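Here is a short report on a single structure. It takes the ligand shell, then the nonpolar core, then one helix.

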Amino acid sequence: MSAAVVCIGEGAGGALRGYRHGTRMVALTPPRASSSSSSSSSSPSVGIFYATGTGNTKRVANSLKVHLGTLADEPQPISASNARDFEPYDAIIFGAPSYLWEKHRVSALDYDTIEPPFENLRDLEGTKVAVFGVGDQNEYPKNFCDAVGILHEHFSVRGAEMVGMTENEGYEFKRSRALKQGKLCGLALDFENADDEVAGRVEAWAEQLKREFG
Ligand SMILES: Cc1cc2nc3c(=O)[nH]c(=O)nc-3n(C[C@H](O)[C@H](O)[C@H](O)COP(=O)(O)O)c2cc1C
């Protein structure tokens, strides 16, 4: 497959560049003016990115930011981000709802278009990554929070050091792609059926991440 870096439009920082991947265009933003933000003591070292359909995942992302304080940057929608936006961070939290649109197909929404830079498919080596998601264990007991598993697989392949595993206790579902070796590979939340547990789980997970991010 051929790849070519091309200009695909104008952004705040000048021309936006991208490359063709199959039939799709993948955006590449210009390098940031300062790429040393992760080593600067004043810059947040944790990035938070999320997708959302009706706002629940965004709510969790905002709550994580509150718990992590100055450690974390403001949550950013993944739909307005690309792989270069991950570079300033030592650790990144990714969140997504699960949406089963049709049989055997679970979308993690806008994450479909977030690909590693063409020249470095293992772009997250050396970065700690934790994933979370929201779902509905009563309506979708065979696909509960599958997007958490999808994100985990996606970022593992890119070389990230995955952290943020949680115990599979207090849930009622039959199957989930988030379940790996007896544990949930991230934080799974259910606003529809276990709303009263969300705040406590988020707070406990934020404390866990503070330890695991080091
Ligand atoms: C069409 C549709 C499909 C859904 N599919 C799933 C699913 O496969 N697994 C799951 O756990 N939840 C599923 N849900 C529940 C949503 O993930 C849940 O409502 C979530 O809180 C939405 O998060 P958001 O507000 O960030 O979009 C589905 C909901 C809808 C409306």
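What follows describes a predicted model.

**Ligand shell.** The ligand has 21 residues around it. Those that come nearest are G53, N56, P97, L100 and G135. Two elements, helix 1 (56–68) and strand 7 (99–102), each supply at least two residues of this shell. By class, the shell divides as follows.

| Class in the shell around the ligand | Residues |
|---|---|
| Nonpolar | 9 residues |
| Polar | 9 residues |
| Charged | 3 residues |

**Nonpolar core.** Nonpolar side chains tend to be buried together in soluble globular proteins. Here the largest nonpolar core holds 50 residues. V148 and L151 have the most contacts inside this core. Two or more residues each come from strand 4 (46–50), helix 1, strand 6 (91–97), strand 9 (128–134), helix 2 (146–157), strand 13 (187–189) and helix 3 (195–213).

Which residues does V148 contact, leaving aside its neighbours within four places in sequence? They are V131, F132, G133, A178, L184, C185, G186 and A188.

**Helix 2.** This helix is mostly covered, with 9 of its 12 residues buried. The buried residues are D146, A147, V148, G149, I150, L151, H152, H154 and F155. Does the length of helix 2 match expectation, or what span should its 12 residues have? At 1.5 Å a residue, helix 2 should span 16 Å. Its end C-alpha atoms lie 17 Å apart, which agrees. Just after helix 2, G159 takes a positive phi of about 90°.

Definitions and conventions: Residues are numbered from 1 along each chain as its sequence is written. This is a predicted model: local features need pLDDT of at least 70, side-chain atom pairs count only at pLDDT 80 or more; totals for chains, interfaces and linings use all residues. A residue is near a molecule or strand if its C-beta atom, placed from the backbone, lies within 6 Å of it. Helices (H or I, at least four residues) and strands (E, at least two) are DSSP runs, numbered from the N terminus. Ala, Val, Leu, Ile, Met, Phe, Trp, Tyr, Cys and Pro count as nonpolar, Asp, Glu, Lys and Arg as charged, and the others, Gly among them, as polar. A nonpolar core is a set of buried Ala, Val, Leu, Ile, Met, Phe, Trp, Tyr and Cys residues joined through C-beta atoms within 7 Å. A residue is buried if 20 or more other C-beta atoms lie within 10 Å of its own, exposed if 12 or fewer, and partly exposed in between; C-beta atoms are placed from the backbone. Two residues are in contact if their C-beta atoms, placed from the backbone, lie within 7 Å. The expected span of a helix is 1.5 Å times one less than its number of residues.
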